[in-house]
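The following exercises concern a predicted model. Each task is followed by a solution in steps.

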Amino acid sequence: MHMHKIFKVLGKPNNRGEEMQIAVSGGKGGTGKSTIAINLAIALKEHFDLVLADLDVEAPNDHLLLGVELQNESPVNSFIPHFDYSKCIRCKKCAEVCEENAIITMRDGTPFLMPTLCSGCRACEIVCPVHGAILEGQKLMGYTYETQTPYEFPLVTGKLLEGEERAMPIVVAAKRRAKKLNKELLVVDTAAGTSNTVSKALEDSQLIIAVTEPTPLGLHDLGLILELAKIMDIEAWIIINRSDLGPKEPIKELAEKYSAKIVGEIPYSERIIKSYVEGKPIILTGCEESEIFRGLAKKVIKYLR
Amino acid sequence: MQIVIASGKGGVGKSTVSSSLIYLLKDKHKIIAVDADADAPNLDLLFGVETWEEKKELTGAKVARINHDRCIKCGICAERCPYECIKLINGNYVVSDITCEGCGVCALVCPVKGTITLEEVRSGVIKKTTTKYGFPLISAQLDVGRPNSGKLVTEEKNWAKRIMEKQRLEHMIVDSAAGIGCQVIASVGGADVAILVAEPTPASLSDLKRIYKVVQHFREPAYIVINKADLNPGFKGIHEFAEQEGIPILGEIPYDRAIPESMIKMKPVVEAFPDSKASKALKEIAKTVEEEILKK
């Protein structure tokens, strides 16, 4: 568990012109990650040339909150093996090496692929001793999009195809597409949870903003994301959303345990819900809630500069 | 019968609906509950579970390790890793073990045999308890940074099935994770009926459409529960989608502070605040579930 600590070579964010990255996460679903991410991105746009990446590829919604339709669709295809049975020598090596058990073999060694299990890793192709026995096949896994928003920053979105199991290739493809834009700052919105697809989204961040709510459920899942941030050696801040919902003491105790700062509290607000459902970011309305996001943006700017 | 509760979007009320249905049905029916959200398991918190009777560690996840003494620093592994998990750090190639998918490509392409090996690691734990209400609960917790795997959910369900046989239970209620990926597919697969929870927002509708496609893959009958139904009065998207697809709406739960307050009490809302607006709606839904789903 210590190996990846060295991934983070710099303890502090850099100001040497290298790309900066912050991520909005939180563990529990529906705590307000996307709301925070889009409003923060709008506030930060005045200070950074940025791209927002929606890496919640199983349930991407940032475009809806920004009131835009996804544009510039690009398919994410994954390799699948196509067997040329005239060349296959029935050695079963492809099946043996497949960690997903996606290749089954008949008694005589004839391989068959179960495409839904295939991760596209190419281990079978690599290990096959006969040139041309495994041919290049393709399977559509999902899409990435690059959408111009009315707020002068692009949104890159990953979207897993319904029925596909593997989110990782889409997260990797979408993050790559966002990084290719060579912006000064990448703002990442992650999925719920703390699996390796979330770590992939968080990777290379200088800051994780963990959004939670003051319920035992929010607290429990916040603990997991703070643990992940600690393992990855990334600074974590906490925002308590719907802060009037319950007692905040337990969150404060947890924050202290992980030396994570609580940087903002957002009370339950009809106006935020309205902005959310209408796809009109709250930060543009100038109401008192928008000040919370501006205050958060200021802290982020100070941290990054 | 196996009923799965899913939503696509997180935080719309899956666990609220699951915990309340389980609570309301537990006396008349023999039920086992399965919390299939291994990333963020919450049912145990809603049923006030304090101790677990049995725990099983789940291994099976694999991560690659590079032996630095043997490594010739050719970089082929980093180049070929499909998920960009290997990086050159201080002169050594290092696998990030919280993003590695364990496919083993790096070990295969490495020109020096035995330099890269796949090591089995713990991916999480599955747990069983009998709740204070008398029904058994199976839950799981994925270790942070591990590949999310449908296998974990399948293990949970298999365990639940064995208990069902032994204790002669009738119904399994599965509370799925958010999203539509492997965990959710393993939760939905094998169910007899799917109850899809949505709230009247464009984001929830978008995710509802996605989870419904997954449910359709398995040709399961689906029902919709609308939570926070009065949140956004002008929005008819969920109703329109339900009508268009012919999905029955089981009921609508109004926004009610009793729900978060019941979470703080660590009880299903129907137990903590039985007379609240939300509980009344949930009781109607449970009645419909009994009449429409369980009796079939």
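**Exercise 1.** Determine how many residues of chain B are in contact with chain A, and describe the side of chain B that takes part.

*Solution.* Step 1: with C-beta atoms placed from the backbone and a limit of 7 Å, 57 residues of chain B are in contact with 57 residues of chain A.
Step 2: the elements of chain B that each give two or more residues to this side are strand S5 (86-89) and the helices H4 (105-109), H6 (182-188), H7 (202-217) and H9 (258-264).
Step 3: H7(B) supplies the largest share, eight residues.
Step 4: sorted by class, this side of chain B has 28 nonpolar, 18 polar and 11 charged residues.

**Exercise 2.** Establish the strand order of the open sheet in chain A and identify its edge strands.

*Solution.* Step 1: nine strands of chain A follow one another as S3-S6-S7-S2-S8-S1-S9-S10-S11, with mixed pairing.
Step 2: strand S3 (74-83) and strand S11 (261-266) of chain A each pair on one side only, and are the edge strands.
Step 3: from one strand to the next, the twist averages 20°.
Step 4: S3(A) runs antiparallel to strand S6 (residues 134-148) of chain A, and 10 bridges join the two. Within this pair, Val76(A) stands opposite Gly142(A) of S6(A).

**Exercise 3.** Locate helices H1 and H7 of chain A relative to the strands.

*Solution.* Step 1: helix H1 (residues 33-45) of chain A lies across S1, S2, S8, S9 and S10 of chain A, and runs at about 165° to S8(A).
Step 2: helix H7 (residues 216-232) of chain A packs on the sheet, where it touches S1, S9 and S10 of chain A. The direction of H7(A) makes about 170° with that of S9(A).

Key: Residues numbered from 1 in each chain as written. Chains lettered and ligands numbered in written order. Predicted model: local features only at pLDDT ≥ 70, side-chain atom pairs only at ≥ 80, totals over all residues. Contact = placed C-beta atoms within 7 Å. Helix = DSSP H or I, 4+ residues; strand = E, 2+ residues; numbered from the N terminus. Nonpolar A, V, L, I, M, F, W, Y, C, P; charged D, E, K, R; others polar. Pairing = 2+ DSSP bridges. Axes fitted to C-alpha atoms, helices over the stretch in contact; angles between N-to-C directions.
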